[in-house]
Amino acid sequence: MSHSRKFATLVRLVVVFVAASSVAASTFVVAAAQEQSPPAQKDTPTATPSATPPPVKPQTDERSRTTGDRTRSVSSRMMTGSITGRVVTDGGEPLSNVAVFIGTRGASLPAVPPAIFTTGEDGRFRVDNLAPTAYNVWTFLPGYVAVLDPLLESGTRRYHYIGDDVTITLTKGGVITGTVTDARGEAVVEARVRASYVRDPEGRFSESRGFANAEYETDDRGIYRIYGLQSGSYVVSIGGRRGFSPYPTIYDEDTPTFYPSATRDAAVEVSVLTGQEVSGIDIRYRGERGRTVSGTLAAVAEENGAVSVTLTHASTGLLEGTVFTNGRGATGYAFSFEGVGDGDYDLVARHGMRNGEQMASPPRRITVRGVDVTGLKLALAPLASVAGRIQFEPATATTTQDENKGTCEDQRGGGSSDSPLPQESVILFRRDDRNLPKEQARSRMSARLETTPDVRGEFHMRGLDEGRYHLETKLPGEAWYVRSVALNASAPAAARVAAEAKKEDKGKAARPDTAASSHASGVSQTPSTSRDALMLKTGERLTGLNINVAHGAAALRGQLVADDNARLPNPSLWRVYLVPAEREQADNWSRFAEAPVSNEQAFAFSNLAPGRYFLLPHPIDQSRTNESLRPLTWDESERARLRREAEAANILVVLQPCQRIEGFALRR
Amino acid sequence: MHVQPGLDVLSPFFEETNMPALLRCLAAVAVVAACVFLLCSAPRTQAQAAPTETPVGATGTVNGRVTTSDEKGLAGIVLSLLSGDIGPRRKSIARATTDGEGRYTINNVPAGRYTIVPFAPTYMFGSSERAWQSGKAVNIAPGEMVNDIDFTLTRGGVITGRITDAEGKPVIGQYVQAASVSEENGVHTTSYARPRATDDRGIYRHYGLAPGRYRISVGEDKDNMVFLGGAGRTHYARTFYPGVSEESQGKLVEVTSGGEATGIDITLGTRVKTYRVEGRVVDAETNLPVANARIMYGMLVNDSPNHVGATSGGQMSGARGEWKLEGIVPGRYALVAHLDNQSDMYGEQATFEVTEADVSNVVVKMQRGTSLSGVAVIEGGGDQAALARLSRLSIYIHPFEGGDAPGSFLTLTGRVNPNRSFYIGGIRPGKVRLGLLGTPETKGFTLVRVERANGVVPPDGIDLSSGTPATDVRLILAYGNAVVRGQVRIENGVLPANANMMVSGRRVGSEPGAGFVRASRVDARGAFVLDGLAAGEYELVLNVFVPNSGQQTHNLRQRVTVGSSGETSLTFVLDLKANAEERP
């Protein structure tokens, strides 16, 4: 019995450690999800983070395919409702005992982990007592990945609302397998092999690259098998301590060897599709001792607050490692990365405070060349934020006589057709780094952040690094569209941004990093300017961003077909553009839209402002595959080019309020 | 290098408590497994890795040879020199690779206590378990050349097979346990190899297994909670090879050195249905919800509210104090909520039972706790250096012999402030004991006694039963840099190859529960070193253990007096013939 007593003592002590480190654990979840954090409402069920974190799945897993009817289970706007759904194989069989995660993406409150549910024998799940907001639903089943929604751009999410019945289709993930040997040809045993997601199946650099790691160990024969991979390209590496396994290994302090036997810069990518097994990915391990990058943190605002430090390889954007500290250790607020190979890296420390504010150190470029880089000091400073309001204009009766007129009644979400709930919309901030000088360090953390407004429509997006941001607004249902996005002129910060915008208008040659750009489905806009992005300085608190939403949106769905109606080869390498045809809208970037084309050649636009548009199919620029996919419509010059081409092609559509055009055959 | 991460966390105890009980405890794999499990869920905080010991004087050299049991040199084996001799809060200082003859040399080693670990996962070191005995302690004096730290490795065996469900589909990502079952001198020992997960084909592969007989199982039950808890994982009732639920009916798998047992397939039965448990955290006084409390829970061992097995959780209560656990397998559980160390609240342990339904309305109460505060004082005032280090000390309290008391599976810690004061709040009323947390900063400090205004605190701790805060606590510490460099000489016999020797020490005249010094593992040459000693007389204890025997075989005591610095030599003579009769 005395043994047991001692056990209890030991376990107790371990608990202290776990408690101390689980702050870091939840921070990791946030980091892995690219800081897509927390919900903006309080009625979300609390959640159970899995005790043993599963291998991190590619970000794209979170997308799911939605089909089925929506049943209205909500009558009053203050009521809560349910999301139901089922999880099936791609053969349609129900999958039971699958973990289903439901999370929200608001950033107005401190992080709340996603809630976890489990499917029953019939593959069904049901989540009750959900407050109205935009939800993401995703699953975890070892070995399986979600079938991606072909109508969603890579890296974007589907939102679900109370009343939705969600179908998530899972398919066997891809497998990469091979043998690892050392210079003598001997098996490299018990070494963790990682697959890091680099490109989507179209060959485009993924925004979530580097975060999407799966990690498995080699066995006594040096054989590894990485399974459950989403379709795409990966770099496969071994060595260095990058994951979160508690077992230290002898390879931890080495710099990673990449398949086939390369340094990071010369890594050969491995492409895999779901359901496919790619074998023979044999690695000759270099076993090179890496360097240490270490330092201390200053100006952490909260005592024992959790800080993550992220090291990113500069030229490839691959995540090199993340360490956590809460300052409780003997060394206080310090960090250390072992096994770092020669190269340029960007270093960022980030601290999520309990009140929801965030701090970060300005991204810092460091160079490792054969020696340790120690004694670094990273000082944290508040990050920028943007506050504003989304407003829904009163719905007006649609008066169009067109017989194709839609009803605008197909309204998703908790609000009824004529009174949508602002908290069901999502405001997405996408940082645009293209015009940053190459030598400038950047943060991986706020490349894509989302927030959800509160019941009054007010939102407060925090944790934004310095930079240029494009906004996208996701609205529930198809009845509404963004009429305008504008900064309240009375807000002091607005003046500076407006001045910035003028400078851009005059000539971008003077400021290459602020070249005018633009974007499609969401921001901005007073008719007199073409400003299409927010410029945020470090720690800036921008207020008065007004998003006006109007009733009577149109939608357009169709197929991209070859001239001779033959099947289009590689349809997913195409995009379809909507270009405003009305003269007075020609410069209105928010009337431009871009949609991907599925393998079945389908494309879809929704939440469109009524009006006249040109349709234009356009292939993806294959010369830019080493950049993340980025809407062409972000750039003024690209918009001008699209307009010229669209006018020449002259495929005109007229969209009446509430009109839904289906089955449009667009010839290439 | 098979370092058990659990030790990282446990090492404070090595330095503070009595060693024999701990070693016995550590031999008990259940705890090991539990620790491993817990740490699996906790990312390692690299920034908190302990700094290496300060080099003193000239550097030394270590060399040796790695061979197979038939004396053949093993080439290409990497050996790591790890700082620290116990518990791997240890860091790799240097590496060497064996040459064609299996020889290695590590140069430029500062004096200190080290462990040398050969990294050879497909081999065993001696006949023993990989996890705990894979290294050899080496205590190196300044400028010393240490020869012949040799390792004899035996090729391990392999067990491999495929796990399928009732429908014949592969079971993916489930852990397969290999437990070696042995009986020696009537003592039954079960030790678990590191669990291996099945891949997407349901295939698992255990390797580096010591020759012997193994019980292979998948799934979980009350006695095997290592993988308990957590949604997102499919739970199966524990099934033993070749597919039985009764452990006693399981077929043992024979493993030979270098052999491979294949086709060790298991078909699993039905999945264990899991349930949801929901509840709230409330302030016991006001009944108001308590947000941001961390929820920890564990299954009760032997249905006793006093023994909690592997603990999981970590999520925080929501704004309305609400929390929810998903994927809970049937059983009896204890659950506690915990606010961070700055809080003055403590959580009462709640228990709940999951049978065949979801459980709701589990209310966890937070009580306003009492507090303990005072100052840390160095005996004799202490010099500048000692005082400067004082504020880097961490102290902990735990309930005196209350490790089994319901609701107390959390240890509280606090730090000494620059003005030497300390404060720990949120303490459950009762008797508590106070100690120094074994961080690298602790080196040089010895806790002499704990005083209050009315005198020395008795052995059973500070009585906080009334709930009145204790504000007059004085932590009396001694500080010094003396070193005892010792040698163990074994006469009239040899110890078993896997025997472990440890020297622990305690300052004579210390109050109960105080005066312990950081213990030293005795290295392969019989050398040990106790350092960071304050001036005074110490009683040193040499303990000898043989793993799997469950017994401490010898126990010798000797006294030594040291000044506040400098080195003292000491020799233990272990007469195996004579001492054998002293066995209790």
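Two strands are taken to pair if DSSP finds at least two bridges between them. In the predicted model described here, strand β11 of chain B, residues 175–184, offers several examples of such pairing. With strand β12 (residues 187–192) of chain B, β11(B) pairs in the antiparallel sense over 6 bridges. Within this pair, B:E184 has B:V187 of β12(B) as its bridge partner. The two strands, β11(B) and β12(B), make up a hairpin in which 2 residues lie between them. In the turn of this hairpin, B:N185 has a positive phi of about 50 degrees.

Further partners of β11(B) are found later in the chain. Strand β15 of chain B, residues 212–218, runs antiparallel to β11(B) and is joined to it by 6 bridges; here B:A178 is the bridge partner of B:I216 in β15(B). Strand β13 of chain B, residues 196–197, is also antiparallel to β11(B), with 2 bridges joining the two. One bridge partnership in that pair links B:V176 with B:R196 of β13(B).

Chain B also contains an open sheet of 4 strands in the order β3-β2-β5-β7, and the pairing in this sheet is antiparallel. Because β3 (92–97) and β7 (136–140) of chain B stand at the edges and each has a single partner strand, one side of each is left without a neighbour in the sheet. On average, and with direction ignored, neighbouring strands of this sheet are turned by 25 degrees against each other. Strand β2 (residues 78–83) of chain B runs antiparallel to strand β5 (residues 112–119) of chain B, and 6 bridges join them. In this pair, B:L79 stands opposite B:P118 of β5(B).

Another open sheet of 4 strands in chain B has the order β23-β20-β27-β25, with mixed pairing. Its edges are occupied by β23 (322–328) and β25 (345–347) of chain B; each has a single partner strand, so one side of each is left without a neighbour in the sheet. The average turn between neighbouring strands of this sheet is 30 degrees, direction ignored. Strand β20 (residues 275–283) of chain B and β23(B) pair in the antiparallel sense, and 5 bridges are found between them. Among the residues involved, B:Y275 has B:I328 of β23(B) as its bridge partner.

In soluble globular proteins, nonpolar side chains tend to be buried together. The largest nonpolar core of the model holds 132 residues, and those that touch the most other members are B:V62, B:I159, B:L209, B:I216, B:I395, B:L477 and B:L533. Strand β36 (residues 470–479) of chain B gives the most to this core, namely 6 residues. When neighbours within four places in sequence are left aside, the contacts of B:V62 include B:L81, B:I106, B:V109 and B:I116, as well as B:V138, B:I140, B:V146 and B:I149. A second, separate core has 117 residues, among them A:Y144, A:L487, A:A581 and A:F605.

Confidence in the prediction was also examined. For the complex, the predictor gives an ipTM of 0.77 and a pTM of 0.78. Chain B has a mean pLDDT of 78, and 78% of its residues reach 70 or more. Over residues 1–56 of chain B, however, the pLDDT is below 50, although this stretch has 150 contacts in the model beyond near neighbours in sequence. Residues 402–408 of chain B likewise stay under 50 in pLDDT, and the model has 23 contacts for them beyond four places in sequence. Where pLDDT is low, the predicted coordinates should not be read in detail.

Methods
Residues are numbered from 1 along each chain as its sequence is written. Chains are lettered from A and ligands numbered from 1 in the order in which they are written. This is a predicted model: local features need pLDDT of at least 70, side-chain atom pairs count only at pLDDT 80 or more; totals for chains, interfaces and linings use all residues. Axes are lines fitted to C-alpha atoms, for helices over the stretch in contact, and angles run from 0 to 180 degrees between N-to-C directions. A nonpolar core is a set of buried Ala, Val, Leu, Ile, Met, Phe, Trp, Tyr and Cys residues joined through C-beta atoms within 7 Å. A residue is buried if 20 or more other C-beta atoms lie within 10 Å of its own, exposed if 12 or fewer, and partly exposed in between; C-beta atoms are placed from the backbone. Two residues are in contact if their C-beta atoms, placed from the backbone, lie within 7 Å. pLDDT is the predictor's confidence in each residue, from 0 to 100.
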